[in-house]
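Biologist: Please take a close look at one part of this model. I would like the side of one domain that touches the other.

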Amino acid sequence: MNTIGVIGGGGWGTALAKMCTEKGLPVDIWVREPEITEEINSRHTNNTFLPGVILPQALHANTSLESVVRNKKYLITAVPTQWVRSVARQMAPLVAEDAIIISVSKGLEVQSLKTLTAVLEEELPGRDPNSIVALSGPNHAEEVARNIPSATVVATPVLKYAEQVQDLLISPRFRVYTNPDRMGVQLGGALKNVIALAAGISDGLGFGDNSKAALVTRGLSEIARLGAAMGAKTPTFAGLSGMGDLFVTAGSKHSRNAWAGRELGAGKTLKEITASTKMVVEGVTTTQAAYQLAKELKIEMPITAITYQILFEELPPQDGVGQLMERMRTHEMEEVVSATYSWI
């Protein structure tokens, strides 16, 4: 039996739990907050994190991590990035040896600068590390939960695990692709939040479509540049988990990161923004991690650097724009121009 435990009762975890339950699969979801657990079980809603969505009566929420994890064939980890390690550590003695872990959070651990599958591999030892599968793509929980057609990618180097997860999750309204580039899929999902913050700042400053298009396009170049240095395959960033996720996160009304950027551009402080929402703005800590990785690997990431300075060094957003526009002139394809282009 394809029993599923979803770890995390935020919007994305709840949406995936709903989708799997509607496929007829037995699903338990671990929710930290007792009041939300009660709401899911009695009123079949989660209005804190997924307002306006009616959940299946068969979906069962529990505050007991042990009850949700033990004896499950599939475990979907959907907690905020910086909590993944501590929650995985609690899960470790409970996880079945043959369980497949599906990591759906998007970010980098700020202390270690590691991807989330690397964190899970460390905290859940004694299993094939390739059975830890990353899922990422242009998937707003609000739309997936309403059965709006969406597509995503599941990634692991071993095809059998990728196809098992593909078969588990695919539906007429949720198309699932496979990719062996687990590093690239995760980096695309994590780093697009940084660029979405920058795009939101541009909107908050009152700039137009030209400005956002430049930020998003050059931001994708930064993502691919860092990804290549970390062992990812560059074509991955032209796919759903790269360009696709960046497109939807930088421009959608549902995007928390773009919203936070707009608030920054309009003059609010980071402290004011984070205090005004229960949602986690993953791009904030990912900006810290990406900035540090770029320094360590000596990768040029000017948009990420300026976003970091706006977030953590009180650089006025308008000044940050000036610094980006006044950079030394360069080729559009800096890394490949000498190898694949020639000038007359």
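Modeller: What follows covers the contact between the two domains, seen from domain 1. This is a predicted model; local features need pLDDT of at least 70, side-chain atom pairs count only at pLDDT 80 or more, and totals for chains, interfaces and linings use all residues. Residues are numbered from 1 along each chain as its sequence is written, and side-chain values use heavy atoms, without hydrogens and water.

The domain assignment, automatic or from a database, gives domain 1 (4-180) and domain 2 (186-326). Contact (heavy atoms within 4.5 Å) takes 25 residues from domain 1 and 27 residues from domain 2. The two domains bury about 2200 Å² between them, 68% of it on carbon and sulfur atoms. Buried area is the accessible area (1.4 Å probe) that two parts lose on being put together, summed over both. In domain 1, Leu108, Leu113 and His140 lose the most area to domain 2, together 29% of what that side buries.

Leu113 deserves a second look. Leu113 sits in the loop between strand S5 (100-103) and helix H5 (116-123); helices (H or I, at least four residues) and strands (E, at least two) are DSSP runs, numbered from the N terminus. Its phi is near 65 degrees, a positive value in a residue other than glycine. Most residues other than glycine have a negative phi.

Now the polar side. The count between domain 1 and domain 2 is 1 salt bridge (side-chain nitrogen of Lys or Arg within 4 Å of a carboxyl oxygen of Asp or Glu). Lys106 forms a salt bridge with Asp245, with the closest N and O atoms 2.8 Å apart.
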